[in-house]
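This report introduces a structure to a reader who has not met it before. Please keep the sequence and the model at hand while reading.

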Amino acid sequence: MTSTQRIELPDGVRTNGADPNPWWANSVVYQIYPRSFQDTNGDGIGDLKGITSRLDYLARLGVDVIWLSPVYKSPQDDNGYDIADYRQIDPMFGTMDDMDELLATAHRLGMKVVMDLVVNHTSDEHPWFQASRDANDPHADWYWWRPAKPGHEPGTPGAEPNHWGSYFGGSAWQYDAKRGEYYLHQFSKKQPDLNWENPEVRHAVYDMMNWWMDRGIDGFRMDVITLISKHLGPNGEMEDGEIGPEGYSNVYWFCEDGPRLDEFLQEMHREVFDGREGYLTVGEGTGIDGGPRDEFITDPRNRELDMLFVFTHLDIDHGEGGKWTPKPMRLTDLKRTMAAQQNAVASHGWASIFLDNHDQPRVVSRWGDTTTDELRVKSAKALALLAHLHRGTPYIYQGEELGMTNAGFTRLDQYRDLESINMYHQRVDEAKVESAEDMMAGLAAQSRDNARTPMQWDSTPYAGFTAADAPAKPWIEVNPNHTTINAEDEVADPDSVFAFYQRLIELRHTNPIVAAGDWKLLDPDDEQVYDFLRSLPEENPEERRSLLVIVNCGSTSAHIPHDAAELIHGAVDASRIVLSTTDPDMAAASLLLGKLSPWEGIVYQL
Ligand code: GLC
Ligand code: CA
């Protein structure tokens, strides 16, 4: 099987409000985390040649677009989200020739390539930042420099300009002895925030973006783009917030969705995207919820971004101490947050749909059931069906299509992610807000490294990620379960999670209701069954058909809840099962009896 042809969406079907409908309205995106995808030179780190060698696998899966996490020159403090040169490939990943070959091969196979754009900050090793350390250099004002707190000796404890804490632990301010001032870094101290108020900064970014677009890439995924405009006081003040138990206030309240965000995004659109076609832009919507701001930013009339990643649905299992003190997910919370996201962009704008990425634990471990392999497969399919039947553009994160699970690390030295390691020290050793045991449990459930173990290609010692006799071990441990969970086995098995993703993608490509139908939540109060209705708008009477989507999100059987039962009202025709996680006859029987088997998911044409 090769990738299916995407149909042109019929007239009268409305996607994001633009006319004609954008090509990405019925496309599926696949995210690659390059350092964990495929190593070809035995150094234990994935590389561009490795990605190119696996493109046929992605074509076979059927995806339309590949999003590459950063491969630019970087000291790799945050695995490439700290860029030292935007116009060079990091030697660890290969060369610009390798990049060109990747692009050409992907295009030949009918897939587009979207690059990560990390411009809220650069690396501290970027020449712009190095120049900025001299207060007389033309780059002096390219970053956020502030003097020590009045009455304090610069560089001494407590002299930071305010109490803002970084996302990755510690103060968000770092003292620079050369300049004698502090610079702002929302993330690690090797990721200084760029000063977007400065037009020279903005134009340098647009030039770089144009340079990449002209080289033939197909768009950008924009890292924490909603943090680029800061909320400042009338004289540029950066006000402190409430100070939490760890001794810091939240920096993000002052950086999320700042007053000039729309202006900057519109300027970027004018300077980079106007006049271009066939591209896609997706912003990481940190701090944007499913509401009017999501709609505004993605409404094509406003000429900002095609879509945003909204995270409200991935915060619902964070407990009182945030993500490190997780609590069980309640299905009604998932429904509520997804409904807000779906409804926000129902008439204008567009959603991106995702459960996994390189910053999140694996969804099958998080919300599925991995106690037996049978339940893992069932729950992976059910969660996939649930996500992919929503309205918007689905994103698959590498390995999700295999039902890959969390890393299962039990020792701190197995972790590589700076956020995980820093936050462990901050919470356990310094602020003592959590015991070592609890924090290890928090990491096991929520660490970003859960998503970053090597891609499981086969059952050989390093899972085919790198050769079994390679001189270097993988940079992070391979999950031992690659002997049973791997691409080689799944591609050959018509009942695998992989095969199920192929069918979901095909459905997105070919079924206009899946691509563009309205979305309506049913049974909002049911805690085990997630069900909704997809229908094409009424303006289009001869095409008006509906799909009923019902998913049992639990490992016990469940009754079909009220709203869905009413729509089925007794008459069930097996030929109208569009897709199901169980075989169609079983699914039809479940509908007829009003009872779903564990993790059974059904798409039924009404
Ligand atoms: C985004 C990225 C994450 C990175 C952070 C800082 O959230 O997805 O991986 O650490 O931005 O660039
Ligand atoms: Ca390599």
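The sections below treat the sheet, aromatic pairs, a calcium site and one helix residue of this predicted model.

**The sheet**

An open sheet is built from eight strands with parallel pairing, in the order β13-β12-β10-β5-β2-β1-β17-β16. At its edges stand β13 (307-309) and β16 (352-353), each of which pairs on one side only. Four bridges connect strand β2 (residues 65-68) with strand β5 (residues 112-117), and the two run in the parallel sense. Helix α5 (residues 199-214) packs on the sheet, where the helix touches β5 and β10 (219-222). The direction of helix α5 makes about 135 degrees with that of β10.

**Aromatic residues**

Across the whole structure, a search finds 32 aromatic pairs. Two of these pairs are set out here.

| Pair | Centre to centre | Angle between planes | Arrangement |
|---|---|---|---|
| Trp67 and Tyr395 | 6.4 Å | 75 degrees | edge-to-face |
| Phe409 and Tyr415 | 5.2 Å | 85 degrees | edge-to-face |

The pair of Trp67 and Tyr395 links distant parts of the chain: Trp67 belongs to strand β2 and Tyr395 to strand β17 (residues 393-397), 328 residues apart. Trp67 also stands opposite Val114 in β5. Trp67 has a relative accessibility of 3% and therefore counts as buried; Tyr395, with a relative accessible area of 4%, is buried as well. Phe409 and Tyr415 are both buried. One aromatic cluster is formed by Tyr72, Tyr86, Trp128, Trp142, Trp211 and Trp212.

**The calcium site**

The calcium ion (ligand 2) has as protein donors Asp39 (OD), Asn41 (OD1), Asp43 (OD), Ile45 (O) and Asp47 (OD), which lie 2.3 Å from the ion. Along the sequence, these donor residues follow the spacing D-x1-N-x1-D-x1-I-x1-D. Among the donor residues, Asp39 has a relative accessible area of 4%, so Asp39 is buried. Ile45 is buried too, its relative accessible area being 15%.

**Gln341 in helix α8**

Helix α8 (residues 331-344) contains Gln341. Is the side of the chain at Gln341 buried or exposed? Gln341 counts as buried because its relative accessibility is 5%, below the 20% cut-off. The side chain of Gln341 makes a polar contact of 2.9 Å with the side chain of Thr312. Leaving aside residues up to four places away in sequence, Gln341 touches Gly290, Asp294, Val310, Thr312 and His313. Thr312 thus appears both in the polar contact and among the residues touched by Gln341.

Notes: Residues numbered from 1 in each chain as written. Chains lettered and ligands numbered in written order. Predicted model: local features only at pLDDT ≥ 70, side-chain atom pairs only at ≥ 80, totals over all residues. Heavy atoms only, no water. Pairing = 2+ DSSP bridges. Contact = heavy atoms within 4.5 Å. Axes fitted to C-alpha atoms, helices over the stretch in contact; angles between N-to-C directions. Donors = N, O, S within 2.8 Å, 3.2 Å for Na, K, Ca; no water. Buried < 20%, exposed > 50% of the residue type's maximum accessible area, 1.4 Å probe, protein only. Polar contact = N/O pair within 3.5 Å; in protein donor to acceptor, adjacent residues only side chain to side chain. Phe/Tyr/Trp six-rings, centres within 6.5 Å; stacked < 30°, edge-to-face > 60°.
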